[in-house]
Every structure is written in C-alpha cells, then in structure tokens.
Amino acid sequence: MTVLINGKLISQQVIDETAKEVSTFVEDFGLAPGLAVVLVGEDPASQVYVRNKVKRAEEVGIRSLEYKLPATSSQETLDDLIQKLNADSTVHGILVQLPLPDHLNEEAVLLAIDPAKDVDGFHPLNVGALACGDASLVPCTPMGCMIMLAHVHPDLSGKQAVVIGRSNIVGKPMAALLLQANCTVTVVHSRTKNIESICSQADIVVAAIGRPEMVKASWIKPGATVIDVGINAIERDGKRKLVGDVDFADVEPVASAITPVPGGVGPMTIACLMKNTLQAAKNQVLKP
C-alpha cells in the first residue's frame with residue numbers, strides 16, 4: 001500500500017518543535033528571534049505567501065516585521081531598507097518575497113542581504129557552504145523535502161536519487177542535500193535525453209520542474225519514493241485545480257510513498273523558514 005507523505009502533519013510537527021526551541025531561546029537570551037519580510041508590489045500570490053509566513057511566525061513566537069513597498073519603488077529604496085535591516089541586531093532573518101517587479105535587480109537584492117540573516121538560503125556564500133558540505137542556512141523547500149524523506153527513509157545512504165529540475169532555489173540545493181545524505185544523485189533537466197529511462201531507475205524521484213503532471217507512472221520504478229515539489233494551477237472540468245509536476249493518480253499505485261499536491265511539500269517550506277529563522281538567531285547571538 002502506498003504511503004501518503006502528509007506535509008500538513010509533518011510541518012506541524014516542525015512548527016511545534018520550533019515553538020518549543022523559540023521559547024527556550026527567549027528564556028535564555030531575553031529576546032525573540034526577529035524575521036523581517038519585505039513585499040514589493042501587490043502580487044496576489046505573494047501577498048498570500050507573506051500572510052502565511054507572518055501567521056506562522058506568530059504561532060511559533062517569532063517576532064515578525066512586515067515591510068510593504070509600492071511596486072514603483074526604486075532599487076535604491078529597496079537596498080536602503082535591506083541595509084537598515086542588516087544593521088538591526090533585533091532582526092535575525094530577512095526575507096524579500098520573490099518575484100520582484102521587473103525593473104528591480106533580483107540578484108543584487110539577494111546579494112545585499114547579510115548571509116547570516118539570509119533565511120531563504122539564497123546568498124552565494126550560503127550556496128557555496130552547502131555545496132562544500134559546511135554548516136549554512138539551507139533553502140527551505142529542499143530542507144522540507146529532506147525532512148519528509150526522513151519519515152519514510154531514516155537512512156538514505158546508497159540510494160539512487162533523481163532530481164528533475166536544476167533551479168538554484170530547489171534543484172541544485174536538493175541535489176547537494178541528497179549527496180550529503182550519501183545518495184547517488186542524478187540531476188535531469190530540459191536538455192537531458194532519455195529522462196523517463198533515467199528516472200525509472202531511481203529509488204527516490206524529486207520533481208521540481210513547474211510542468212503540470214509531467215511525471216507519469218512509466219517514469220517511476222515500482223516501490224520508489226516520489227517527492228512532488230511542483231504546484232501548478234490548471235483548468236479541469238471548468239474548475240481551477242492545483243496539481244503537481246507528478247500525475248498523482250497515475251503514479252500513486254506504482255510508488256511506495258508519495259507527496260500530494262496540495263498538502264505535501266508546500267506547508268514544509270514555511271515551517272522550515274521558521275526553523276531557519278531560529279537557527280539564524282542562535283548563530284548571531286552565540287557567535288564569538
């Protein structure tokens with residue numbers, strides 16, 4: 001019988017554990033971890049994401065600071081805000097909600113954030129540390145995927161893993177984390193030949209390509225574990241529906257364990273953001 005990896009349940013466990021650790025942190029140091037969330041413009045999806053992040057922060061006892069800038073804000077205005085937050089010792093984590101308006105330089109913004117406060121794990125210094133296997137702030141979605149995998153595979157050593165997608169946000173850091181867990185890792189992407197054949201040899205498949213229901217049962221080795229990072233809005237039977245990069249109905253009977261969409265990886269991302277914020281606060285308060 002296929003195991004459904006319940007992201008809502010696992011993420012709540014992460015939230016509950018983080019809340020306990022935050023309470024201890026406050027007792028020990030007399031201040032709450034601080035998370036600054038910056039939203040530029042009024043993109044509806046981004047507004048929902050920010051609301052959810054602020055809500056979760058309050059739930060675990062993290063002090064959340066919300067900064068809303070108009071879509072017409074200049075690069076200089078955004079940079080000035082980031083530098084102000086970098087210098088504020090009560091702010092331990094900084095998150096700039098992506099995507100940004102087209103006239104703003106996303107790369108420059110991510111570079112401007114102090115790596116110690118980079119709770120998204122996107123700064124090149126944190127990316128490099130992860131690639132080298134050193135301690136760093138890890139991108140939240142791949143971290144969440146690893147926590148979910150641990151619920152069905154306490155030991156990943158020696159397993160064959162395929163990551164579909166090579167983005168800086170998910171694909172590349174996911175591959176690095178799987179390598180650290182002693183998996184044999186293959187990354188496939190839009191230019192890879194024979195993707196279906198490569199995936200069908202894997203014990204673990206992580207799909208992060210942004211193409212609705214692309215991964216079919218023929219891609220999956222019987223008994224493999226499937227982590228579906230995708231979330232895509234489609235029209236079906238005249239209704240809007242959220243689906244992953246995996247054709248769930250087709251793949252579920254083949255896999256030994258699979259994440260649903262929605263209710264799989266999505267909730268884990270915000271839970272891991274809270275975990276990162278607490279870790280960033282510990283790193284800053286305890287640094288020599």
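This report covers helix α7, the packing of α6 against α10, and the β9–β10 hairpin in a predicted model.

## Helix α7

Helix α7 spans residues 171-180, and seven of its 10 residues are buried, so the helix is largely enclosed by the rest of the structure. The buried positions are G171, P173, M174, A175, A176, L177 and L178.

Both helices and strands contribute to the cover over these buried residues. It includes the helices α5 (124-132) and α6 (140-152), together with the strands β5 (160-164), β6 (184-188) and β7 (204-207). After α7 comes N182, which has a positive phi near 70 degrees.

## Packing of α6 and α10

Besides helping to cover α7, α6 packs against helix α10, residues 265-286. The angle between α6 and α10 is about 110 degrees, and their axes lie 8 Å apart. Angles of 65 to 115 degrees count as roughly perpendicular, and α6 and α10 are therefore roughly perpendicular to each other.

On the α6 side, the contact is made by C140, T141, M143, G144, C145, I147 and M148. On the α10 side, V265, M268, T269, C272, L273, K275 and N276 take part. By class, the residues of this contact are nine nonpolar, four polar and one charged.

## The β9–β10 hairpin

Strands β9 (residues 232-236) and β10 (residues 239-243) are paired in the antiparallel sense, with five bridges between them. R236 lies opposite K239 of β10.

Two residues separate the strands of this hairpin. In the hairpin, D237 has a positive phi near 55 degrees.

Definitions and conventions:
Residues numbered from 1 in each chain as written. Predicted model: local features only at pLDDT ≥ 70, side-chain atom pairs only at ≥ 80, totals over all residues. Heavy atoms only, no water. Buried < 20%, exposed > 50% of the residue type's maximum accessible area, 1.4 Å probe, protein only. Helix = DSSP H or I, 4+ residues; strand = E, 2+ residues; numbered from the N terminus. Contact = heavy atoms within 4.5 Å. Pairing = 2+ DSSP bridges. Axes fitted to C-alpha atoms, helices over the stretch in contact; angles between N-to-C directions. Parallel < 35°, antiparallel > 145°, perpendicular 65-115°, else oblique. Nonpolar A, V, L, I, M, F, W, Y, C, P; charged D, E, K, R; others polar.
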